[in-house]
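Please walk through the strands and helices of this chain, beginning with the way in which strands are said to pair.

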Amino acid sequence: MPPRNTNSVVVSSGDKCAIFDPWGRAKDWERVLIERGLKLHAIYATHAHPDHISAAPELCHAFNVPFYVSPNDRPLVGWGNEILDFFGIGHIHAHDVNTTDITPGNYEILPGIKMDVMATPGHTPGGLIYYFPDAHILLTGDTLFHDGYGRFDFPGGNAQQLFQAIQNIKNLNLPDDTFVVHGHGMDSTIGWLRKNHELFK
Ligand SMILES: [Zn+2]
């Protein structure tokens, strides 16, 4: 079974942009950037699984930009390459990939674009969520899906941590209109999750 398509996100300010979870091939991303007239400034991963970072190694070489990953997920870079075979995408080789550590905190990632980073281990040890407080947008990676949550049986996964992380997201009390982009599957809103998600009610 192939995974449901990964949701990659481009955040831009003027002609500067950052890509979150660059799934797919670097060549296709380069075309997207040219078409949209955007200059790539950074890449961020919600976690280091191959279906979230497949284009990152080539992109960060091509554009000489940092590739931000939690230090706790650094050991996972290059794990699970088999899934890329299914899509005919080249393997990720850990020794070719320079990551830059990112840890929980508040950042201004592009001019006028504030971002809060929170640790949500459980799906992977270094899982992160990204929240944009001005736009009310949350990227949950594979910690939380609109109809479930990520697996905790991969290396470094931990069910107790995952459920705690989801509880912590709930406890952020983000506004109902917060637009939520999940690592896979349909988008949702915090209000929708409050009504419909078994762990969010
Ligand atoms: Zn994953």
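Two strands are taken to pair if DSSP finds at least two bridges between them. In this predicted model, strand β12 and strand β13, the latter covering residues 188-189, satisfy that criterion with two bridges and pair in the antiparallel sense. Within this pairing, V180 stands opposite S188 of β13. The hairpin that β12 and β13 make has five residues between the strands, and G185 there takes a positive phi near 80 degrees.

Strand β12, which spans residues 179-182, also has a parallel partner, since four bridges join it to strand β9, residues 137-141. One position in that pairing can be located by G141, which stands opposite H182 in β12. In general, strands of a sheet pair through backbone hydrogen bonds, in either a parallel or an antiparallel arrangement.

A second region to follow is an open sheet of five strands, whose order is β1-β2-β3-β4-β5 and whose pairing is mixed. Its edge strands are β1, residues 9-13, and β5, residues 100-101, each of which pairs on one side only. Strand β1 is joined to strand β2, residues 16-20, by five bridges in the antiparallel sense, and within β2 the bridge partner of V10 is I19.

Helix α3 lies across β3 and β4 of this sheet, running at about 140 degrees to β3. The helix covers residues 56-63, and its buried residues include A56, P57, L59 and C60. Which elements do the buried residues of α3 pack against? They pack against two helices, α1 (26-36) and α2 (50-53), and against two strands, β3 (39-44) and β4 (67-69). After the helix comes N64, whose phi is positive and near 55 degrees.

The relation between α3 and α1 can be described in further detail. Their axes come within 8 Å and cross at roughly 50 degrees; a crossing counts as oblique when its angle is not under 35 degrees, not over 145 and not from 65 to 115, and α1 and α3 are therefore oblique to each other. On the α1 side the contact is made by A26, W29 and E30, and on the α3 side by E58, L59 and A62. By class, the residues of this contact divide into four nonpolar and two charged, with no polar residue. L59 thus appears in two settings, as a buried residue of α3 and as a participant in the contact with α1.

Key:
Residues numbered from 1 in each chain as written. Predicted model: local features only at pLDDT ≥ 70, side-chain atom pairs only at ≥ 80, totals over all residues. Buried ≥ 20, exposed ≤ 12 C-beta atoms within 10 Å, placed from the backbone. Contact = placed C-beta atoms within 7 Å. Axes fitted to C-alpha atoms, helices over the stretch in contact; angles between N-to-C directions. Nonpolar A, V, L, I, M, F, W, Y, C, P; charged D, E, K, R; others polar.
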